[in-house]
Protein chains: 2
Amino acid sequence: MLPKEKNIQAEASPERSVSDIGKELDELQRAMADLGGSLLVIVEGWESSGKGYLITRLRREIDPRYYHVRLFDEPTESEKIYPMEKRFWEELPKKGAIAIFDRSYYSELFEKRSKNGLDETLTFWNAQENMWRKDRMCIIKLFLDIREDTQEKNIRELEKDPNREFLVSAMDKKQNEKYAAYRKHMNDVLEKSNSPCAPWHIVSMEDRDAGTKHAMELCVSLLKDHLEFLREDAELCRPITEIIAPETEKNPPQIKTLDLSKTITDEEYDARLQPLQHRVRDLAFELFTKNRPMIFLFEGTDAAGKGGSIKRLTKHIDPRSYRIHTVAAPTKEELSYHYMHRFVTLLPSDSQIKIFDRSWYGRVLVERIEGFASPAQWQRAYDEINALEAAWQDEGIRIVKFYLSIDKDEQKARFEARESDPRKVYKLTDEDWRNREKFEAYDEAADEMFRRTSTINAPWNLIPANSKRYARIQVLEKIVEEMEAHVK
Amino acid sequence: MLPKEKNIQAEASPERSVSDIGKELDELQRAMADLGGSLLVIVEGWESSGKGYLITRLRREIDPRYYHVRLFDEPTESEKIYPMEKRFWEELPKKGAIAIFDRSYYSELFEKRSKNGLDETLTFWNAQENMWRKDRMCIIKLFLDIREDTQEKNIRELEKDPNREFLVSAMDKKQNEKYAAYRKHMNDVLEKSNSPCAPWHIVSMEDRDAGTKHAMELCVSLLKDHLEFLREDAELCRPITEIIAPETEKNPPQIKTLDLSKTITDEEYDARLQPLQHRVRDLAFELFTKNRPMIFLFEGTDAAGKGGSIKRLTKHIDPRSYRIHTVAAPTKEELSYHYMHRFVTLLPSDSQIKIFDRSWYGRVLVERIEGFASPAQWQRAYDEINALEAAWQDEGIRIVKFYLSIDKDEQKARFEARESDPRKVYKLTDEDWRNREKFEAYDEAADEMFRRTSTINAPWNLIPANSKRYARIQVLEKIVEEMEAHVK
């Protein structure tokens, strides 16, 4: 099976007990934490091959503060209404911690024995694993292998035990009946997802204790290698499949050529505002009933009027069908995950509109400029974001991105107006004044962001916002257009 | 309806617009945040009475960073496997924020028109509301009232609108057909849950705009009153029903009379350990298949061996059926909620065992001694914890509580052993040495905790742990006994 499996030399140490190996793993966890790494162990394999047996021993010596085990059954009805990757992202290990996945995003692919969409899905997960790996995560994928007759024997034994009989499912028997066909298909999935970043390791579970020991030695050995990588801060490796970056626009919008003088008369504003708001309300109902999720995302200069635009946009929408997420600096807890973690877990359900007041683009704006992300980190973020947005679109989410831009004089006037209005002074912080000193750097970062992430399917809408009213109408018109296209 | 409704004088201000009132609410939110308060608005009422209409306007002017709207439909399958209160606790507002519940824990009671268990459930929610209120939460409960013919008219109008027709459910029609019977039952529920801490406010929605305005004026007025309470730090009020504290043991265990000399021979330990562990494994499977959730909770002196006991306990349990939660000091995020929030959200599903290494009892131990909780806070915690544990037991969760106790000399020896073992030195922190200076205070707090919370149904098991092996066997034996009782 899997001829191209890398030949790992697990230390030959017949005298070491499972408990000794477990204790070494426990110690390695602390070394890993010091290096800001994390560990994801994926346990896949044949039904009744001993996944539970292995995991029980694998986690036994690890400090319970720093690991968790998650069983991934078929998605529940409530999980199904979200993008498929959400429930997996939610259980990823934070920095310093270990997550053990009992079954995973591969299970469905192993089970359904279909080539339909297989390559696309594997490319997607390969890209995700690559992202996680670059974020210092060690990914160990174990596949527990047994022969047909062993599986049959295991199933029979489970069925005889009144306490464990419930562990035998229809799937166990189906696999055993069509063992050869499954084996062929599984090999196919294994080969296609056997990336250098996260290769599969086949563990024979003919002898459960020997298999368990082998798997645990593998974990120790691979984690040690990973710690070396982390110490050297090495470029960890390239994905088996390059991320196919979605095509970007030939002529993305640019702040440096933006006409900020555009405006609108009060009469025109008054005449157009309410009909647009009512149209948005009706379209929101329609999207809701048709299960068409959307993301409206707002970035922009400080004081450009993002909040005001969102307020006009949502004025008549039924509050049950949308939710606004105002994105602030990440908390300490959020910083212990991949920077996209807090956003993937907020993706809309299949009938929701999610409005982001600031977003994941903070990675290439504020985090870039303030140095919270290293150059390597923010530079690779463009492709990562493009790939993720493309995946979300494939899952049916339409993404509409706005950047509201004002010039430096207009910003100054607005800051001063806020300062003198007791109702609005709370909106202005010292940080706003500090950011203002980097006004040009923010504009330049935005222009680069447009060039790199204004994709054909999710282009940036750069809105001149010196006139608040002009900007609001522009936003509403664009949103009506996008909602109409999405509802069809 | 509801003759004993408190006669709230909402400011008579016909000239104020809904937008003006909304803006005042927005300002009050900031004042509330400064005072550490929070606001929960519960919107209940007849089907098709205009809940969505009201909520759309109620939240319109509020800064989206500080409120969220949550619709509570029938619980999903994944929600049903958890204690019923979990999904509501998860959506409570944090300090400084506003949560709007569109339907709530009252909905089921209004709908099912049954007196079965009604009083018990209302007493439970009354106690919860009282707890939240004492934690500085303002609770505004609105009931939107319409006449039978108005409801019929509203339903017909919705049905005519292709975008909103989906809002009409079978329940709408059923209510309308049996309007009089529902009205009688609803009145009953309203009266019984009309506590002084969180009274109901009946809002006529015959005229939707007038009703909306009235409801919003009410919110402003009640929140203002609440801010006065907060400023005065007043004892907010007593619950309509006193918490019926579960009966406590006549002779609770006490550290001051504990015989710490108990021990066990190595031979006896070796002979008894494994059979107990295997028995625990089998019982865990049985509990899992029978959907019998349990909580094993460990408190104790620092270095008393909680971790070691948990490790022996879980050695053979299938990791998919239990989860260990190691409780550390609350994060900043956790501190912005009621102290029980982070625990209620971790309650076991109906087939889970949850193991807590430290727990909610931190409130009356470390938080009491270190001054993180005020005397009023930790003193009321005993009754609150008793009431919550009793509720969890009513929902089928068996709770087993252990306190592992060692004396001061033994602790010193263990600290020193940790210091000199490179594998264990990470377990010892400066804080451990600091806590040691308050050794006697911790023992006294523990003794008071036993007196106040060793209830008949969830008594404390005080384990002499100077001999680690003796303690481990004691814990395992007690757990086997409790699992056997629960599995029957």
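Student: What makes the meeting of the A:Asp63 and A:Arg65 side chains a salt bridge?

Tutor: This is a predicted model, and in it the closest nitrogen and oxygen of A:Asp63 and A:Arg65 are 2.8 Å apart. The cut-off for a salt bridge is 4 Å between a side-chain nitrogen of Lys or Arg and a carboxyl oxygen of Asp or Glu. Since 2.8 Å lies within 4 Å, the pair counts as a salt bridge.

Student: Why is A:Asp63 called buried?

Tutor: A:Asp63 has a relative accessible area of 7%. Buried means under 20%, so A:Asp63 belongs in that class.

Student: And what makes A:Arg65 partly exposed?

Tutor: The relative accessible area of A:Arg65 is 44%. Exposed would need over 50%, and buried would need under 20%. A value of 44% falls in between, so A:Arg65 is partly exposed.

Student: How many salt bridges are there over all chains?

Tutor: The count comes to 100. One of them joins A:Glu24 to A:Arg16, whose closest N and O atoms are 2.8 Å apart.

Student: Are A:Glu24 and A:Arg16 buried or exposed?

Tutor: Both A:Glu24 and A:Arg16 are buried. They also take part in a network of salt bridges, where they are linked with A:Glu217 and A:Lys224.

Student: Why can the pair A:Arg469 and A:Asp266 be said to tie parts of chain A together?

Tutor: Their closest N and O atoms are 3.3 Å apart, and they form a salt bridge. A:Arg469 lies in helix α20 (residues 468-487) of chain A, while A:Asp266 lies in helix α11 (residues 266-290) of chain A, so the salt bridge ties together parts that are 203 residues apart in sequence. A:Arg469 is partly exposed at 30% relative accessibility, and A:Asp266 is partly exposed at 43%.

Student: How many disulfides are there over all chains?

Tutor: The count comes to zero. Take A:Cys138: the nearest cysteine sulfur, that of A:Cys219, is 8.3 Å away. The cut-off for a disulfide is 2.5 Å between the sulfur atoms. Because 8.3 Å is not within 2.5 Å, A:Cys138 is in no disulfide. A:Cys219 is likewise in no disulfide, its nearest cysteine sulfur being that of A:Cys138.

Student: What is the relative accessibility of these two cysteines, A:Cys138 and A:Cys219?

Tutor: A:Cys138 has 3% and A:Cys219 has 1%. Buried means under 20%, so A:Cys138 counts as buried, and so does A:Cys219.

Student: Which strands make up the open sheet of five strands, and in what order?

Tutor: In chain A the order is β7-β8-β6-β9-β10, with parallel pairing. The strands β7 (322-326) and β10 (460-464) of chain A stand at the edges, because each has a single partner strand and so one side is left without a neighbour in the sheet. From one strand to the next, the twist averages 20°.

Student: What makes β7(A) and β8(A) a pair?

Tutor: Five bridges join β7(A) to β8 (residues 353-357) of chain A, and the two run parallel. Pairing requires at least two bridges, so five bridges are enough. Within this pair, A:Arg323 stands opposite A:Lys354 of β8(A).

Student: Which helix lies across β9 and β10 of chain A?

Tutor: That is helix α19 (residues 439-453) of chain A, which runs at about 155° to β9(A).

Student: Why is helix α2 of chain B described as mostly covered?

Tutor: Helix α2 (residues 51-58) of chain B has eight residues, and seven of them are buried. Among them are B:Leu54, B:Ile55 and B:Leu58. What covers the buried residues of α2(B) includes α1 (18-34), β1 (38-45) and α10 (208-232) of chain B.

Student: What makes the two copies related as by a two-fold rotation axis?

Tutor: Chain B can be laid on chain A by a turn of 180° and a shift of 0.0 Å along the axis, with an RMSD of 0.0 Å. The two copies are therefore related as by a two-fold rotation axis. The C-alpha of chain B nearest this axis is that of B:Ser78, at 3.5 Å. Both copies use the same surface, since 100% of the contact residues of chain B recur in chain A.

Note on methods: Residues are numbered from 1 along each chain as its sequence is written. Chains are lettered from A and ligands numbered from 1 in the order in which they are written. This is a predicted model: local features need pLDDT of at least 70, side-chain atom pairs count only at pLDDT 80 or more; totals for chains, interfaces and linings use all residues. Side-chain values use heavy atoms; hydrogens and water are left out. Helices (H or I, at least four residues) and strands (E, at least two) are DSSP runs, numbered from the N terminus. Axes are lines fitted to C-alpha atoms, for helices over the stretch in contact, and angles run from 0 to 180 degrees between N-to-C directions. Contact means heavy atoms within 4.5 Å. Buried means under 20% relative accessible area, exposed over 50%, partly exposed in between (1.4 Å probe, protein chains only). Copies are superposed by least squares on the C-alpha atoms of residues with pLDDT of at least 70 in both.
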